[in-house]
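User: I would like to learn how to read the sheets, the symmetry and the interface of a model step by step. Could you take me through one?

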2 protein chains.
Amino acid sequence: MKKIEEIILSRGQVLDGNILRVDSFLNQQIDTRLMEEIGKEFSEYFKGKGITKILTVESSGIAPALATGRRLSCDVVFARKQKSLTTDDYSYSSTAYSYTKEEMKQLIVSKEFISEDDKILIIDDFLANGQAVKALMAIINQSGASLVGVGIVIEKSFQEGRRLLDEMGVDVYSLARISELSYENIEFID
Amino acid sequence: MKKIEEIILSRGQVLDGNILRVDSFLNQQIDTRLMEEIGKEFSEYFKGKGITKILTVESSGIAPALATGRRLSCDVVFARKQKSLTTDDYSYSSTAYSYTKEEMKQLIVSKEFISEDDKILIIDDFLANGQAVKALMAIINQSGASLVGVGIVIEKSFQEGRRLLDEMGVDVYSLARISELSYENIEFID
């Protein structure tokens, strides 16, 4: 998606440790018009596949997931990253290491929101090492639901997440695929 | 908003400590059609007031904020609840006590996303003691921006948040106002 690439080049910032900061349109400030275009793009790619639910992770996955769910007429479920008082004991859970926060996070989804009949589309903001997507896939496996595909806004193709998902035969659609990321240069795979 | 009241009665659960669990449509599973109606309702109430930005808190405020921002053609900024590596040193911050998580949370917004020219609408899922809204108002004060109003999906009118905001002369629009909450009964203010 050319527009995402242009926005990454004009508004993204490269930080230490191969971190791409996109807080100005996705990770803290959310560009609502861009979310509409993202939702349109994902829904056109994944429509007709009988998706019943979109699964994402709080917080930055919620906006693109919501824009897509609205167009696919399905609800969005977001995994919580820590147990709160409103989390009941009947939950699916899995762990993921966050490289930006440098800690293990437990992802939790209440069992009542995913059933074995669900056909699930995972949406997330970034795919790098694939930790979050693998944790969401583990939750889907626990529920007996089926995974239809994975929609990613920004993929760091030089990290191992995409390769791992390809090897598992997962249908991954990434809107921007970054092949090289440095202070001087950002390159995309067309 | 009658529809929210009906959904609270049919799909909400009352937990210990006056906690209303609405995970099935707002706080973990997000009903995308309901969010559209919420966005429509807030945007109709607050339109024509020159709002340039919507401010909310991760995670549960993001969905209603996004649905409203899309209709008001403005971006959404969400305050983060903890410092991450992508948070720079140039941030506004304020603290809020979370009764559901039983801890103090620091709310952080990067300075680059709110300027003194902004006219801000705060959107949040719940208003109870007003801790989160007061923290967001402190952030707006730090920035020099002006507060246009506050949109709340579910107000616990028997707690002190609404009264505090009324006393400050804040324009608060709550879609559902709960006057009584117990295992046996939920009452609304019309």
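User: What is the order of the strands in the open sheet that has 11(A) in it, and how is the pairing described?

Analyst: Strands of a sheet pair through backbone hydrogen bonds, either parallel or antiparallel. In this predicted model, seven strands form an open sheet in the order 11(A)-10(A)-9(A)-8(A)-4(A)-5(A)-3(B), and the pairing is mixed. Its edge strands are strand 11 (186-188) of chain A and strand 3 (29-30) of chain B, each of which pairs on one side only. Strands here are DSSP runs of E with at least two residues, helices are runs of H or I with at least four, and both are numbered from the N terminus; two strands count as paired if DSSP finds at least two bridges between them.

User: Which conventions should I keep in mind while reading these labels and values?

Analyst: Residues are numbered from 1 along each chain as its sequence is written, while chains are lettered from A and ligands numbered from 1 in the order in which they are written. Because this is a predicted model, local features need pLDDT of at least 70 and side-chain atom pairs count only at pLDDT 80 or more, whereas totals for chains, interfaces and linings use all residues, and side-chain values use heavy atoms, with hydrogens and water left out.

User: In which sense do strand 4 and strand 5 of chain A run, and which strand of chain B does strand 5 of chain A join?

Analyst: Strand 4 (residues 53-57) and strand 5 (residues 75-79) of chain A run parallel and are joined by five bridges, with A:Ala79 as the bridge partner of A:Val57. Strand 5 of chain A is also joined to strand 3 of chain B, by two bridges and in the antiparallel sense, where A:Val77 stands opposite B:Gln29.

User: What is the order of the open sheet that has 3(A) in it?

Analyst: That open sheet of seven strands reads 3(A)-5(B)-4(B)-8(B)-9(B)-10(B)-11(B), with mixed pairing, and its edge strands, each pairing on one side only, are strand 3 of chain A and strand 11 (186-188) of chain B. Two bridges join strand 3 of chain A to strand 5 (residues 75-79) of chain B in the antiparallel sense, and A:Ile30 stands opposite B:Val76 there.

User: How many bridges does the pair of strand 6 and strand 7 of chain B have?

Analyst: Strand 6 (residues 91-98) and strand 7 (residues 103-110) of chain B are antiparallel and pair over eight bridges, with B:Met104 as the bridge partner of B:Tyr97. The hairpin they form has four residues between the strands, and B:Glu102 in that hairpin takes a positive phi near 55°.

User: What turn and what shift lay chain A on chain B?

Analyst: Two copies of a chain are related by a rotation about an axis and a shift along it. Here a turn of 180° and a shift of 0.0 Å along the axis lay chain A on chain B with an RMSD of 0.0 Å, which is the relation of a two-fold axis. In chain A the C-alpha nearest the axis belongs to A:Ser59, at 2.6 Å. The superposition is by least squares on the C-alpha atoms of residues with pLDDT of at least 70 in both copies.

User: Where is A:Ser59 found, and what kind of peptide bond joins it to A:Glu58?

Analyst: A:Ser59 lies in the loop between strand 4 and helix 4 of chain A, and the peptide bond that joins A:Glu58 to A:Ser59 is cis, with omega about -10°. In chain B, the peptide bond from B:Glu58 to B:Ser59 is likewise cis, with omega near -10°.

User: How many residues does each chain give to the contact, and what area is buried?

Analyst: With contact meaning heavy atoms within 4.5 Å, 47 residues come from chain A and 47 residues from chain B. Of the interface residues of chain A, 100% are also interface residues in chain B, so the copies meet through the same surface. The buried area, which is the accessible area (1.4 Å probe) that two parts lose on being put together, summed over both, is about 4,000 Å², and carbon and sulfur atoms give 51% of it.

User: How many salt bridges are there between chain A and chain B?

Analyst: A salt bridge needs a side-chain nitrogen of Lys or Arg within 4 Å of a carboxyl oxygen of Asp or Glu, and the count between chain A and chain B is four. One of the salt bridges brings together the side chains of A:Arg70 and B:Glu36 (3.8 Å, N to O). Over all chains, the search of the whole structure finds 32 salt bridges.
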